[in-house]
Amino acid sequence: GGRDGTVRLWDLMRGRLAFVHRITPPPPSSSDAETTTTKRKKRAVPVTINCICWSEDGSRFAFCHGNKVTARDTLTGENVLDIELPPKSKPNGMCFVGGEEGLFLACACDDGSLPLLGVGVLE
């Protein structure tokens with residue numbers, strides 16, 4: 001991840017960029033609106049991708065930005081999880097964990113919490 005709001009995946013065998021996904025920043029709140037007489041538009045600040053991880057079998061990848069966590073299916077590109085954690089629960093690390101109950105994403109958060117988020121069944 002990076003500070004420009006993109007998730008970039010590289011094809012290391014060919015030495016080139018394989019996939020880029022831009023995270024859309026949230027719209028500015030009404031309290032953030034400028035009140036100057038020029039009424040200039042505020043530019044959206046790109047989000048910073050905090051961390052990225054892959055499932056052991058490579059079928060899913062997850063990334064977090066701010067307090068939001070997203071997991072995607074690598075085959076279809078569809079979200080299997082897109083959740084916003086409480087404001088003080090900003091993830092700083094995560095990993096996929098499999099068990100009898102299915103596949104989960106464990107998120108280590110700044111507030112000391114460790115939520116386990118369901119992302120599918122194991123085959």
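Strands β3 and β4 pair in the antiparallel sense, with five bridges between them; here strands (E, at least two residues) and helices (H or I, at least four) are DSSP runs numbered from the N terminus, and two strands count as paired if DSSP finds at least two bridges between them. The model is a predicted one, so to speak only of its firmer parts, local features need pLDDT of at least 70 and side-chain atom pairs count only at pLDDT 80 or more, while totals for chains, interfaces and linings use all residues. Residues are numbered from 1 along each chain as its sequence is written, and side-chain values use heavy atoms, with hydrogens and water left out.

Back to that first pair: C53 sits opposite A62 of β4. The hairpin of β3 and β4 has five residues between the strands, and G58 there takes a positive phi near 80°.

On to the next pairing. Six bridges hold β4 and β5 in an antiparallel pair, and A62 turns up again, this time opposite A71 in β5. These two strands also make a hairpin, with two residues between them, and G66 in the turn has a positive phi of about 65°.

What about burial in β4? Strand β4 covers residues 60-65, and six of its six residues are buried, buried being under 20% relative accessible area, exposed over 50% and partly exposed in between (1.4 Å probe, protein chains only). Both faces of the strand are covered, with R60, A62 and C64 on one side and F61, F63 and H65 on the other.

Further along, β5 (residues 68-73) runs antiparallel to β6 and is joined to it by five bridges. One pair to look for is T70 with its bridge partner D82 in β6.

Put together, these four strands form an open antiparallel sheet in the order β3-β4-β5-β6. Its edges are β3 (49-54) and β6 (79-84), each of which pairs on one side only. Neighbouring strands are turned by 10° against each other on average, direction ignored; such angles run from 0 to 180 degrees between N-to-C directions, with axes fitted as lines to C-alpha atoms (for helices, over the stretch in contact).

There is also an open sheet of three strands, ordered β7-β8-β9 and again paired antiparallel. At its edges lie β7 (91-99) and β9 (116-120), each pairing on one side only. The twist here averages 30° from one strand to the next. Within this sheet, β8 (residues 102-109) and β9 run antiparallel and share four bridges, with L105 standing opposite L117 in β9.
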